[in-house]
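The following exercises are meant to be worked through with the sequence and the coordinates at hand. Each task is followed by a solution in steps.

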Amino acid sequence: MTTIYNMQYHNTLEFAKQQDANDPLRKYREQFYFPQINGRDVIYFTGNSLGLQPKSTQDYILRELEDWASFGVEGHFHSRNPWMPYHEQFAEPVAKIVGAKPNEVVVMNQLTVNLHLLMVSFYRPTKKRYKIICEGKAFPSDQYALESQVKFHGLDPDKAIVEVHAREGEHNMRTEDILFTIEQHADELALVIFGGVNYYTGQLLEMDTITKVAHGVGAIAGFDLAHAAGNVKLNLHDWNVDFACWCSYKYLNSGPGSVAGAFVHERHLNDKNISRFAGWWGHDKSTRFKMEKGFAPMPTAEAWQLSNAPVLSMAAHKASVDIFNEVGMDALVAKSEKLTGYFEFIVNDINSNLKSQISNLEIITPKDKNHRGCQLSIVAHGLGKSLHDKLTEAGVIADWREPNVIRCAPVPLYNSFEDVYRFGEILKNSL
Ligand SMILES: *Cc1c(COP(=O)(O)O)cnc(C)c1O
């Protein structure tokens with residue numbers, strides 16, 4: 001028995017079942033399809049990679065297919081959810097998910113595309129201010145995006161990109177080191193950009209503090225929220241974040257490669273001089289169809305849109321966003337803290353009973369719930385891929401990263417305490 005966050009945990013099936021019975025979100029599990037292995041639902045802990053499919057998604061997509069069949073081009077105006085303003089229905093609910101105002105968010109494109117589009121506006125290097133601070137070992141797509149943006153401006157990535165790493169022997173970056181690095185490059189710094197939740201360690205950064213200090217030295221602050229959106233409580237507007245982008249297929253359960261999101265703080269929306277790669281869907285909608293020369297941006301984050309809405313992908317996004325809107329991030333995070341706390345307890349309990357001197361399990365994700373979301377990354381010391389294979393055989397889908405890290409995301413929307421308990425039993429038997 002251990003007390004964590006004022007909660008007492010027990011490594012018993014009875015305890016897990018009791019927690020599930022008391023879980024106000026328990027009914028949502030039934031609203032998702034679980035893949036099966038050997039005829040049984042898997043224990044799915046990879047919602048951080050691809051969220052499960054809501055059972056409602058098919059109907060949302062089918063509706064658009066039917067309306068396309070019935071109306072053809074007229075569906076832009078006459079379908080049940082007219083396609084012309086289709087993206088507009090996301091402004092309110094998605095703003096709630098990321099803590100923004102509806103005019104500050106737009107659903108469009110895919111994550112890396114949005115990162116590039118936002119950097120076109122918010123990475124404007126000058127002779128003096130040209131540096132970017134980011135995390136070391138950032139997600140590869142982000143690394144390539146930053147590198148290519150720097151080169152696009154004729155600069156040398158080795159000089160322009162400054163990476164913050166965890167200290168020797170530590171797994172997570174220290175906020176003080178991030179802030180120190182910002183201060184160190186103050187006058188030369190153009191942009192500070194981090195993953196809000198690190199994809200590898202699960203560390204949740206102090207985005208408000210980082211933004212404040214970045215602004216203090218005259219730099220812009222942006223975040224990649226691929227692992228944060230729908231996972232942790234965000235307050236992008238109040239934190240004064242300049243821009244952010246995220247994908248919808250991880251915690252936001254909108255299907256493989258589905259449409260992504262972008263945030264631009266209100267204070268930039270009426271900046272007439274902002275540089276931007278424009279397309280017709282960013283043009284003021286009242287005059288868009290005059291098809292005239294001269295770009296007049298929408299007064300919202302929609303100004304960054306290029307193309308008309310990918311409705312089929314957005315229909316899947318809508319199915320999921322409707323669920324998030326019903327549940328709310330507060331309830332989700334409240335359960336998430338308990339569920340991940342339980343996961344942590346179970347892993348530590350199993351580890352403390354391990355007989356082996358050479359192998360052990362180490363959770364590298366921060367222990368403080370304010371510095372993590374639902375994901376825990378476990379280093380399986382002295383154990384190889386065979387552990388992961390055994391887990392998979394026994395019906396656990398978790399993410400394995402070479403050489404020996406297992407990333408597990410107990411997702412509060414559809415994972416249960418019993419999932420965590422059963423995972424523990426399988427883990428014990430696999431060691
Ligand atoms: C998942 C993820 C991506 C993926 O980018 P796509 O453009 O959606 O393929 C990029 N960056 C981070 C940090 C991610 O976690």
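**Exercise 1. The second largest pocket**

How many residues line the second largest pocket, and which of them lie nearest its centre?

Solution. The structure is a predicted model.

Step 1. The lining of the second largest pocket is made up of 18 residues. Nearest the centre lie L204, K233, K369, N370 and R372.

Step 2. The volume of the second largest pocket is about 310 Å³.

Step 3. Two helices, α9 (207–216) and α11 (329–352), each supply at least two residues of this lining. The most is given by α11, with 4 residues.

Step 4. By class, the lining residues divide into 6 nonpolar, 6 polar and 6 charged.

Step 5. Domain 1 (2–31 + 329–430) and domain 2 (61–326) both contribute to the lining, so the second largest pocket lies between them.

**Exercise 2. The largest pocket**

State the volume of the largest pocket, name the residues closest to its centre and place the pocket relative to the domains.

Solution.

Step 1. The largest pocket has a volume of about 410 Å³. It is lined by 19 residues, and K137, A166, H171, Y200 and T201 are the closest to its centre.

Step 2. The lining comprises 8 nonpolar, 8 polar and 3 charged residues.

Step 3. Residues of domain 1 (2–31 + 329–430) and of domain 2 (61–326) both occur in the lining, so the largest pocket lies between these two domains.

**Exercise 3. The enclosed space**

Which residues line the largest cavity?

Solution.

Step 1. The count of cavities of 30 Å³ or more comes to 1. The volume of the largest cavity is about 50 Å³.

Step 2. Its lining consists of C134, E135, A138, D142, L146, I193, F194, G195 and D224. Two or more of the lining residues come from each of β7 (131–135), α6 (140–152) and β9 (189–195).

Step 3. The largest share, 3 residues, is that of β9.

Step 4. Sorted by class, the lining of the largest cavity holds 5 nonpolar, 1 polar and 3 charged residues.

**Exercise 4. Strand β11 and its partners**

Describe how the side chains of strand β11 are arranged, and determine how this strand runs relative to β10 and β12.

Solution.

Step 1. In a regular strand, the side chains alternate between the two faces of the sheet.

Step 2. In β11 (residues 243–246), F243 and C245 point one way, while A244 and W246 point the other way. All four residues are buried.

Step 3. Strand β10 (residues 220–224) runs parallel to β11 and is joined to it by 3 bridges. Opposite C245 in β11 stands D224; D224 is also among the residues that line the largest cavity.

Step 4. Strand β12 (residues 260–264) runs antiparallel to β11, with 4 bridges between them. The bridge partner of F243 in β12 is V264.

**Exercise 5. The length of helix α13**

Test the span of helix α13 against the value expected from its number of residues, and list its buried residues.

Solution.

Step 1. Helix α13 (residues 417–430) has 14 residues and, at 1.5 Å a residue, should span 20 Å.

Step 2. The C-alpha atoms at its ends are 20 Å apart, which agrees with the expected span.

Step 3. The buried residues of α13 are F417, D419, V420, Y421, F423, G424, I426, L427 and S430.

**Exercise 6. Backbone and exposure in the loops**

Are N109 and N240 buried, partly exposed or exposed?

Solution.

Step 1. N109 is located in the loop between β6 (105–108) and α5 (111–122). Its phi is near 50°, a positive value in a residue other than glycine. Because its relative accessibility is 22%, N109 counts as partly exposed.

Step 2. N240 occupies the loop between β10 and β11. Its phi, near 65°, is a positive value in a residue other than glycine. With a relative accessibility of 34%, N240 counts as partly exposed.

Step 3. V73, in the loop between α2 (57–71) and α3 (75–78), is exposed, because its relative accessible area is 60% and the cut-off for exposed is over 50%. V73 and W83 are 10 residues apart in sequence, and their C-alpha atoms are 9.5 Å apart in space.

Step 4. A cis peptide bond, with omega near 0°, leads from E402 to P403. P403 belongs to the loop between β16 (399–401) and β17 (405–408).

Note on methods
Residues are numbered from 1 along each chain as its sequence is written. This is a predicted model: local features need pLDDT of at least 70, side-chain atom pairs count only at pLDDT 80 or more; totals for chains, interfaces and linings use all residues. Side-chain values use heavy atoms; hydrogens and water are left out. The expected span of a helix is 1.5 Å times one less than its number of residues. Buried means under 20% relative accessible area, exposed over 50%, partly exposed in between (1.4 Å probe, protein chains only). Two strands pair if DSSP finds at least two bridges between them. On a 1 Å grid over the protein atoms alone, a cavity is a set of points where a 1.4 Å probe fits but cannot get out, and a pocket is an open set with protein on both sides within 12 Å along at least five of seven lines; lining residues have an atom within 4 Å of a point. Grid points are joined across faces, edges and corners, and a volume is the space filled by probe spheres set on the points. Ala, Val, Leu, Ile, Met, Phe, Trp, Tyr, Cys and Pro count as nonpolar, Asp, Glu, Lys and Arg as charged, and the others, Gly among them, as polar. Domain bounds come from an automatic or database domain assignment.
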